[in-house]
Amino acid sequence: MDYTTIRHNFEYHGFSTQLFATGEEARDYLVNTLQWQTIGFGGSVTLREIGLFDALSAKNIVVWHNKVFSEEVRRLANATSIYITSANAIAETGQIVNIDRTGNRVAMTAFGPKACYYVVGKNKITPTLAEALDRAKNVAGPQNAKRVRAKTPCARDGDRCYNCNTPERVCRMTMIMDRPPYGMQSEIIFIDQDLGL
């Protein structure tokens, strides 16, 4: 994987980037970078896999609805000055794709915090935006639906999006981030490991 070109494309679009060989290195970087902050977490298997919540909780106030699930906690996470999440897919050409069910994650990456960090494993990287959209819809979407035990065709079969209209549909909105929102510091932390869904 040509991280030099990928990072160049994102930096040309206005994102900051970092590259780490392992999730542990990325976690340590964030622990050293973020201290005495109020940090919100978006739903992310990647963040859980690298143990980021517990590591950051030592010197920060960290709010994550995956730890204590409630609408109130979700709204608290969306009122923080720093937001950390992952991505359903990344295009090598310099775009981030995220699909959301409730809108909290796409909302916070678009507006609100002073800074947003995306922690991304190499399995999320695709050559083109079209392939990133396909991965988000037909790989990450069904896996996330299965993880949250949604009563949807994609959760049942785990193979693709069925464009269903069920109440528990997880792919209710799709965001393509071409550039960071004006005035928001946005950093992508690439990890050369398969992480998350």
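**Figure 1. The largest nonpolar core, centred on a few well-connected residues.** In this predicted model, the largest nonpolar core has 22 residues. Look for F41, I84 and I189, the members that touch the most others in the core. Helices and strands both contribute: α2 (23-33) and α4 (52-57) each supply at least two residues, as do β2 (38-41), β3 (61-64), β4 (82-85), β7 (115-121) and β10 (185-191).

**Figure 2. The surroundings of I189.** Here we zoom in on one residue of the largest core. Leaving aside neighbours within four places in sequence, I189 is in contact with Q18 and F20, with A26, Y29 and L30, and with the run Y117, Y118, V119 and V120.

**Figure 3. A second nonpolar core.** This core is separate and holds 19 residues. Among them are A87, I90, V106 and I125.

**Figure 4. The whole chain, for orientation.** Stepping back, you can trace 8 helices and 10 strands. The radius of gyration is 16 Å, close to the 16 Å that the globule rule gives for 197 residues, so the chain is as compact as a globular protein of that length. Along the principal axes, its C-alpha atoms fill a box of roughly 40 × 40 × 30 Å. Of the contacts with a separation of 6 or more, 72% join residues 24 or more positions apart.

**Figure 5. Burial, surface and charge.** Buried residues account for 49% of the 197 in the chain. The accessible surface is about 9,400 Å², and carbon and sulfur atoms provide 50% of that area. For the charged side chains, count 23 positive and 20 negative, with the centres of the two sets 8 Å apart.

Terms used
Residues numbered from 1 in each chain as written. Predicted model: local features only at pLDDT ≥ 70, side-chain atom pairs only at ≥ 80, totals over all residues. Heavy atoms only, no water. Helix = DSSP H or I, 4+ residues; strand = E, 2+ residues; numbered from the N terminus. Rg over C-alpha atoms; globule rule 2.2 N^0.38 Å. Buried < 20%, exposed > 50% of the residue type's maximum accessible area, 1.4 Å probe, protein only. Contact = heavy atoms within 4.5 Å. Areas by Shrake-Rupley, 256 points an atom, 1.4 Å probe, with all protein chains shown as cover. Lys, Arg positive; Asp, Glu negative; His and termini not counted. Charge placed at Lys NZ, Arg CZ, Asp CG, Glu CD. Core = buried A, V, L, I, M, F, W, Y, C linked by side-chain atoms within 4.5 Å.
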